Amino acid sequence: MFQTPSPSARLPSPSGSRNRSSFGSSFSFGPQQLVDLYLDANSSTASNPNSLALDPNRSVLPASPLRSSPRRPRRPKDSSIRHPHPLANDTTTDIFQDSDDDADDESEYEWGMVDRMRLWRHDALMQHLYETAAFWGDKILSWTNDPNDAFWLAQTYFMTHQYSRAERLLTRPFPTTPPDRPSTTPPLTNGHPPSAKGKGRETTQALVMPRLPMGPGGIIEVSEESQKNVSRLVDMSVACRYLAAQCQVRQGNWADATEMLGEANPFRNSGRSGPAIPNLDGGIKIEASMCHLRGILMQKLNKAAQAKQCFMEALALDVKCFDAFEQLISSEMMSPEEEWEFVQSLAYSSQTPQDASFVQLIYTARLRKYNHATEHALTRQRLVEEYGLGDNPDVLFSFADALYTSFRWADCFAITTRILGMVSIHNPTMPLHIACMYHLSHLHSKLFILAHEMVDREPENPLSWYAVGVWYLTNSKWPEARQYFSKTSLMDPRFGPAWIAFAHTFALEGEHDHAITAYSTSARMFSGSHLPLMFVGMENITLSNYGQADEALTAALSLCDGDPLLINEIGVMAFNRGDYTKAYGLFQQALDLAQVTQSSQKTWATTYLNLGTCLRKLKRYEEAQAAYQKVLDVEPRHPVALGFLGMVYHLCDSLDKAILKYHEALSVDQLNPHIMELLQLALDQTASAGLKLTEFKHVLRSLRDKYQRHSKKGKGKERAVELPTDIEMNIG
């Protein structure tokens, strides 16, 4: 169940605690004024035409280009008159909501020059002609001084990466009451009033307000009389405040963006916020989007715990906010079990009653696959059979992820290849695809080609350089691989595989202390992932730091108890402590969790070796022999398995078979000192057995001689029994 952070209602704006030289003490960019206006608007008995613009439970749908001005024209009486543009056929309201009286007058209103230019602006936005939209939008704003027109001009600036310009527009003063609806023509035509149109219709000129000042002085430069009806867009609309904060984040102004959004959700304790509050227009709540942006901002400020809470709050407020879900999952902010419980507890039914089942299934398919294998399989089955998503990249990725978790590289690669055949780049799939190519040696040449293609096609994508680093890793070029993994991390600091691979380069190079440092950094950044902690434990085992290794592995187990590789490492620690029974149980558990198949047996050869060694220590030689034989069935020239199998034969007094296996092991690993010592010991035992046989032969000869003497005395020429002098003993 999602737990909200500690209550912090009505937090004062950070600006309130410091003096400003040119602004009044009541002037602040903090969001509290917006919350107060929202509460006042809802508690007031008087109608407030802008109250809906302050509602954080609404989306930006009413402000979308399909729903804003131009207005619906009057229905023409003559069928020969040209039909209006499709973008005009929508009756929903603007981002700054019109009153009901204005809505009633829609049918009496005709298009004019301003409305036609609004149509041009919206059509240009839809066709990505942003300069065209900005050009006509600027002229519209000069005529109308309408906050709606200012908002869409700021949107146009944002789309063209003119963030400072958009922010300035959103924070300049505007009239708090909507201006009178402009006439069908601009106020003047060549210096003369426009002529009237229609029967008895009297054309009124637009109310042309002087453009209010903008700049550091802002509202201070407005006359006292005008300040009563003047405010900034960020104080009149939640959507404008959200867009202004987006501009500040894009510019890297973290402090200003924090002040604009608030360090915590200002609407949280307003009584009109929460997962149970419905979104009336069917879109995504602005409040959820603001929480997501606040989480991004906390990440930029290296506040991981606050970022996690912001993303969880955003997703709880609106389950349709996939960006928040993606941040939680891709950044591994929660443990696998925490992910599962949180995602299953979201309010799907109350927020998306018609699509609740599908949204829950598609989110569940993206979770990590260490636990709940049956539920994951059922989820994929339903997505394929009930919703027809058998060829959807995200659903196929769920299949690939399950196979990768089971170390079935070849099967996983087949599915990732299918995904990339449909889409050139699929960000969740690419790390799996590249990792499978690393593990399957016959695909290393294809990895080289893929890395070159990705760099040529998308050099700005961190995945491209990650592929280059993995290719160098396959060729044991550790410094070069480390260089490209570092570049990947600089391009995307939240890309976990690059951090892990960066640490791997030190471990493979034998720099275990540096590897531990790199893994520890990764563990701090990805607090929900058990992998960095597990690798820290493995490195400490290599360095015989068993206390630190045990601590790291225990911490990793608390995050994930379903990874067979982690269970194997804990079994190694039990073996090192001499608890062979517990170690045997852990190794067997690891193999059971792995669900070893024919395609993944080679991956688990080490665990089978560990299992056989525990059985050998427990003097269960036949079972140990079977475990070693499984390794040799997959890899017949495995030197360690050959050596250990020779030890089992040696302990069973089958010295000839032991010597044979030792020789086979040395044919693969000629200079292995342990096997050479075992072989010498077996040969010494064979020689010792030969000396005892010589003594036995001497006894036999003396008995033969004695028998021959007795025979001569008794029976004369009777032939004596001949005993063999070269008796051979089969040590088997």
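Trainee: How do you know whether the sulfur of Cys291 is bonded to the closest cysteine sulfur?

Mentor: Keep in mind that this is a predicted model, and then go by distance. The closest cysteine sulfur to Cys291 belongs to Cys310 and sits 6.5 Å away. A disulfide needs the two sulfur atoms within 2.5 Å, so 6.5 Å is too far for a bond. Coming from the other end gives an identical verdict: the closest cysteine sulfur to Cys310 is that of Cys291, at 6.5 Å, too far for a bond. The structure holds zero disulfides.

Trainee: Are those two cysteines buried or exposed, Cys291 and Cys310?

Mentor: Set the values against the cut-off, which for buried is under 20% relative accessible area. Cys291 comes in at 1%, so it counts as buried. Cys310, with 8%, counts as buried too.

Trainee: What makes the phi of His128 worth a remark?

Mentor: Its sign. Most residues other than glycine have a negative phi. His128 is not a glycine, yet has a positive phi of about 60°. This histidine sits in the loop between α3 (113–126) and α4 (130–144).

Trainee: And what about the phi of Phe407?

Mentor: Phe407 also has a positive phi, near 60°, and is a residue other than glycine. The loop that holds Phe407 runs between α17 (393–405) and α18 (409–422).

Trainee: Which label fits His128, buried or exposed, and which fits Phe407?

Mentor: Exposed takes over 50%; His128 has 56%, so His128 is exposed. Phe407 has 15% relative accessibility, which is under 20%, so Phe407 counts as buried.

Trainee: Why is Tyr363 called buried or exposed, whichever it is?

Mentor: Its relative accessible area is 6%, so with a cut-off of 20% the label is buried. Tyr363 belongs to helix α15 (residues 356–364). Beyond four places in sequence, its contacts include Leu315, Val319, Phe322, Phe325, Val343 and Tyr348. There is also a polar atom of the Tyr363 side chain 2.6 Å from the backbone oxygen of Val319. And Asp394, 31 residues apart from Tyr363 in sequence, is 9.9 Å away, C-alpha to C-alpha.

Trainee: What makes the pairing of the His426 and Thr429 side chains a polar contact?

Mentor: The distance is 2.6 Å, and the cut-off for the N or O atoms is 3.5 Å. His426 is in the loop between α18 and α19 (429–439). Its relative accessible area is 11%, so His426 is buried. Not counting residues up to four places away, His426 touches Pro393, Asp394, Phe397, Ile419 and Leu420.

Trainee: How do you know where the buried residues of α6 lie around the axis?

Mentor: Start with the list: in α6 (residues 163–170), Tyr163, Ala166, Glu167, Leu169 and Leu170 are buried. They cover an arc of only 160° around the axis, so they are on the same side of α6. Their cover includes α4, α5 (147–159), β1 (173–175), β2 (230–232) and α8 (238–250).

Trainee: Why is Thr488 called buried or exposed?

Mentor: Its relative accessibility is 0%, so Thr488 counts as buried. The residue is part of helix α22 (residues 478–491). Past its neighbours within four places, Thr488 is in contact with Pro462, Trp465, Tyr466, Phe495 and Ala498. Tyr466 is 22 residues apart from Thr488 in sequence and 5.9 Å apart in space, C-alpha to C-alpha.

Trainee: Where does UniProt place the TPR repeat feature?

Mentor: The unreviewed entry gives residues 462–495, 564–597 and 605–638. In the model, residues 462–495 are 79% helix and 0% strand, with end C-alpha atoms 8 Å apart. Residues 605–638 are also 79% helix and 0% strand, and there the end C-alpha atoms are 9 Å apart.

Trainee: What is the pLDDT over residues 1–28, and what is it over residues 97–104?

Mentor: Under 50 over residues 1–28, where the model has 42 contacts beyond four places in sequence. Residues 97–104 stay under 50 too, with ten such contacts. Where pLDDT is low, the predicted coordinates should not be read in detail. For the chain, the average is 78, and 71% of the residues score at least 70.

Methods. Residues numbered from 1 in each chain as written. Predicted model: local features only at pLDDT ≥ 70, side-chain atom pairs only at ≥ 80, totals over all residues. Heavy atoms only, no water. Helix = DSSP H or I, 4+ residues; strand = E, 2+ residues; numbered from the N terminus. Buried < 20%, exposed > 50% of the residue type's maximum accessible area, 1.4 Å probe, protein only. Contact = heavy atoms within 4.5 Å. Polar contact = N/O pair within 3.5 Å; in protein donor to acceptor, adjacent residues only side chain to side chain. UniProt positions renumbered as here; feature names shortened; annotations may be inferred. pLDDT = per-residue confidence, 0-100. Arc of directions from axis to C-beta.
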